[in-house]
Amino acid sequence: MSTATATQTPVFSVSGLWKVFGPKPERIPADPELGALDPADLRARTGCTAAVRDVSFDVRKGEVFVVMGLSGSGKSTLVRCLTRLIEPTAGTIAIDGEDVRAMDKARLRELRRHRAAMVFQHFGLLPHRSVIDNVAYGLEIQGIGKAERRERAAEVVDKVGLAGMEHRRPAQLSGGQRQRVGLARALAVDPEVLLFDEPFSALDPLIRRDMQDEVARLHREEGRTMVFITHDLTEALKLGDRIALMRDGKVVQLGTPEEIVGSPADDYVREFVRDVPREQVMTARTAMRPAAPGEAAEGPAIAPEATVSEAIEAVARSGEPARVMAEGKCLGVVDHERLLGVVAGVAADTPAADTTDAVVAAGGRTAEATPVPQPAAPGKHRQATPPAPRTSPEDV
Ligand SMILES: Nc1ncnc2c1ncn2[C@@H]1O[C@H](COP(=O)(O)OP(=O)(O)OP(=O)(O)O)[C@@H](O)[C@H]1O
């Protein structure tokens, strides 16, 4: 997903957020000993479930921020806390610097209606209304006149690919089309942030892919900030500029898809991403090594954001290392050893001249391999040891 529109400016700022369900929930975040208990012990000792445990992050303007994790890891609770659809137990939440926990009812309503609209898994459409009236509904609540809301609704109906279906009822639509109506309804109010709660999990795989492409396209075209909940890793990697991976209420890693796949923070994350085709996520910027004398002047040129898969194609076609170019400058080169190393999960950080020897000497694997040097990325976690190779060299 393109980060071209993302900035460092936070829209949401979350710090030390807790949501505990059960009796006297405030005592859990207030007591470090209780707060440190694992979920089973906490339940046994207190009868409480900590659905969100001491979570801190920013959602940056223009990014797609994905909250991913298995069922029960706390994704929905976390995202519902952002607009206080669920009341947090402790911590701070701000939107554009404004304290969400201090908002009164009217301000909260305005937050949910205008600033952070939610697209739900069960679309919540009004069955007796046409597509266009369902889409216009949010505008109606805002008190916008009929002519204007019809006009704005028609624009977004068109934008989500439903032109020609304006007058159908929800029952006359497929699941994917209904989800588009739900999306159009959220878009119609032109919110600063769109919050998606597993919007596509009920759709069949092909329609789901269509809808993912739709969201990616909308994001590309509009650069709207999005928070997207999913339990599907492929969806997270496809859509996310950054991903917060949750387990038992905690964020175990927050990073770009490439950081999560290339530098898993712990064994849990490593296991989670084990089967990801690394060549489709990792980029030339990560795979490159410094150019040896003379290399910067020749060979095919690729962008730093090119995937390793694309780089492999360039190297295979030309038979020589590819130059990683940005603004006319050669940042480094990728050769077949580097690229194979990424695919195998054994990328080395040895300097240009030693790289080939190191990889070849180890039969395609560098036993003491460490991650390749990368430009500093905010919030990046480095792995202590590299992930186990996904395939043997013979398989590659
Ligand atoms: N109202 C509630 N009362 C008690 N426990 C709750 C409540 N809502 C959620 N939980 C618990 O909080 C934890 C996190 O739930 P949550 O729904 O946020 O997870 P999730 O990651 O969104 O799961 P899913 O993918 O299945 O929707 C779970 O253990 C759940 O059982």
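Biologist: In what order do the six strands of the open sheet with mixed pairing stand?
Modeller: This is a predicted model, so the order comes from computed strand pairing. Strands of a sheet pair through backbone hydrogen bonds, either parallel or antiparallel. In this open sheet of six strands the pairing is mixed. The order is S6-S7-S8-S3-S9-S10.

Biologist: Which strands stand at the edges of that sheet?
Modeller: An edge strand here has a single partner strand, so one side of it is left without a neighbour in the sheet. Neighbouring strands of this sheet are turned against each other by 20 degrees on average, direction ignored. The two edge strands are S6 (116–119) and S10 (250–255).

Biologist: Which helix packs on this sheet and touches S6 and S7?
Modeller: The helix spans residues 175–188, and the strand S7 that it touches spans 193–197. Its direction makes about 175 degrees with that of S6. The helix is H8.

Biologist: Are the residues on the two faces of S6 buried or exposed?
Modeller: A residue is buried if 20 or more other C-beta atoms lie within 10 Å of its own. Ala-116 and Met-118 on one side meet that condition, as do Ala-117 and Val-119 on the other. Both faces of S6 are therefore covered, and these four residues are all buried.

Biologist: Which residue of S7 is the bridge partner of Val-119?
Modeller: S6 and S7 run parallel and are joined by four bridges. Val-119 lies on one of the covered faces of S6. Its bridge partner in S7 is Phe-196.

Biologist: Which residue of S8 is the bridge partner of Phe-65?
Modeller: Strand S3 covers residues 64–69 and strand S8 covers residues 225–230. The two pair in the parallel sense over five bridges. In S8, the partner of Phe-65 is Val-227.

Biologist: In what order do the four strands of the antiparallel open sheet stand?
Modeller: The edge strands are S2 and S5 (98–99), each of which pairs on one side only. Strand S1 (residues 10–21) and strand S4 (residues 90–95) pair in the antiparallel sense over five bridges, and Trp-18 has Ala-90 in S4 as its bridge partner. The order is S2-S1-S4-S5.

Biologist: Which helix packs on the sheet and touches S1, S2 and S4?
Modeller: Its direction makes about 55 degrees with that of S2. This helix also gives three residues to the shell around the ligand. It is H4.

Biologist: Which element gives the most to the shell around the ligand?
Modeller: The residues around the ligand include Phe-21, Thr-49, Lys-75, Ser-76, Thr-77 and His-231. Strand S2 (49–60) and helix H4 (75–82) each supply at least two residues of the shell. The one that gives the most, with three residues, is H4.

Biologist: How many residues of the shell around the ligand are polar?
Modeller: Gly counts as polar in this division, and Gly-69, Gly-72 and Gly-74 are among the surrounding residues. Two residues of the shell are nonpolar and one is charged. The number of polar residues is nine.

Biologist: Over which residues does pLDDT stay under 50?
Modeller: The mean pLDDT of the chain is 84, and 85% of its residues reach 70 or more. For the complex, the predictor gives an ipTM of 0.98 and a pTM of 0.81. The stretch where pLDDT stays under 50 has 86 contacts beyond four places in sequence, and it covers residues 350–396.

How values were computed. Residues numbered from 1 in each chain as written. Predicted model: local features only at pLDDT ≥ 70, side-chain atom pairs only at ≥ 80, totals over all residues. Near = placed C-beta within 6 Å. Pairing = 2+ DSSP bridges. Axes fitted to C-alpha atoms, helices over the stretch in contact; angles between N-to-C directions. Contact = placed C-beta atoms within 7 Å. pLDDT = per-residue confidence, 0-100. Buried ≥ 20, exposed ≤ 12 C-beta atoms within 10 Å, placed from the backbone.
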